[in-house]
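Colleague: I am new to this structure and would be grateful for a guided introduction. Please show it first, and then allow me to put some questions.

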Amino acid sequence: VDKSNVTPITCGSRIRVWDLSNNKTISNIAPDYFDAMPNIITLNIGHNVFDTLPSPLNNLSLTGLVCSRNRLTTTTAFDKGILLPLPSYSPTSSSVRSPLAQHLTHLDLSSNLIELLPDALFDLPSLSHLNLSYNKLTTLAPQTKTESQKYGWRYGLVSLESLDLSGNKTHDLGQLPVSLHGCESLRTLNLCNNNLERIPYELGMLEQLTHLGLSGNPQRYIRTSLVQGSCANLLKFLRNRMDSKNLQWAKEQHEQVALALNKQKNGTLKDENSQINRKSPKRHTVQASEKDEVTTDETPHTHGHTTSKSTSQIVNSSPLKEELLTNIADLEEKLGSFNLSQAKRFALKKDLAMERSKLIREERRLKSL
């Protein structure tokens, strides 16, 4: 190396990864450091005491940003940090997004103090890995504080591959189950260790997933072996719990998401979020106390094709089939208890075998119609 040409500026321009993690005392970074290292693509400031992000951050073309285990809030992490737009920013024009918003692919904000997710978060076009675990996101439902301050999960993040929302004590997923249908590359969804007493059926329609984490929630309907088993079986279980009414509602929501994303891509987006995830019909979540309702009557959705649609609904399901599925799920849940005597366990297994046999006969009957 020709050391005669090495200066602080030339040395800094060669740095691509800057790791300041685990210092536990750093609360700010002077702008001069970023001026001296204009080409960094990964910054790790995890396990420090940042309560706000460095001001020059949104002018960097970072692809990876790790801010875990700090003191960041919704305002300091997003509104005054990652999502701070350029002065000429418009939601319909990606050309004036900040360099950070345009290039960021990996974002780790775990173990902070974030309570709400702003709308602008979902306009990050390249983000593929998002870790928001162990914050204070008790709800993901839509919330509006002012016309310019809207929060909650919505459609967007089309490049997302991995999403971690574990450990937030979340009790309401809001629009997340239907909105994620627009994330075709999503493979991992971690919702473990939250406060979900009800599991939305629509999660079962995210067939692109290879991992769905639901363990550590207070729901008592899906047995532990199923939650901890294969993702494919868990998704199938949730899908099978949907009746025709809920299935139709979910498909309509998916169409609205696709339409909104297409308009967003073409720069013609208006406020489509109000059209998505309108109040769903009864029976779209899994909980132990509910009984399934099967709708086979003609509805306004048939648009003149009542015979074929009604027949399809009857063939795919029946009141008896839904009752048997509910009974089987109840018995499987009881068998998952550790406090059963041997005699009680034997009796439950016998009842379960009988219900499964009835279900097989009913499914054969439906297929023959």
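Colleague: How many helices and strands are there in the protein?
Modeller: This is a predicted model, in which local features need pLDDT of at least 70, side-chain atom pairs count only at pLDDT 80 or more, and totals for chains, interfaces and linings use all residues. Residues are numbered from 1 along each chain as its sequence is written, and side-chain values use heavy atoms, with hydrogens and water left out. Helices (H or I, at least four residues) and strands (E, at least two) are DSSP runs, numbered from the N terminus. The protein has 11 helices and 12 strands.

Colleague: In the open sheet of eight strands, which are the edge strands?
Modeller: The sheet has parallel pairing and the order β1-β2-β3-β4-β5-β8-β9-β11; two strands pair if DSSP finds at least two bridges between them. An edge strand pairs on one side only, and the two that do so are β1 (17-19) and β11 (211-213).

Colleague: Which residue in β11 stands opposite threonine 188?
Modeller: Strand β9 covers residues 188-190 and runs parallel to β11, to which three bridges join it. Opposite threonine 188 in β11 stands histidine 211.

Colleague: Is tryptophan 249 buried or exposed?
Modeller: Tryptophan 249 lies in helix α8, residues 244-266. Buried means under 20% relative accessible area, exposed over 50%, and partly exposed in between (1.4 Å probe, protein chains only). Because its relative accessibility is 8%, tryptophan 249 counts as buried.

Colleague: Which elements cover the buried residues of α3?
Modeller: Helix α3 spans residues 74-82, and its buried residues are Thr74, Thr76, Ala77, Phe78, Gly81 and Ile82. The cover over them includes β3 (64-66), α4 (99-103), β4 (106-108) and β7 (149-151).

Colleague: Which helix gives the most to the largest nonpolar core?
Modeller: A nonpolar core is a set of buried Ala, Val, Leu, Ile, Met, Phe, Trp, Tyr and Cys residues joined through side-chain atoms within 4.5 Å. The largest has 64 residues, and Trp153 is one of those touching the most other members. Helices α3, α4, α6 (224-227) and α7 (231-240) each supply at least two residues of this core. With five residues, the helix that gives the most is α7.

Colleague: What share of contacts between residues at least 6 apart in sequence joins residues at least 24 apart?
Modeller: Contact means heavy atoms within 4.5 Å. Among contacts in the protein between residues at least 6 apart in sequence, the share joining residues at least 24 apart is 63%.
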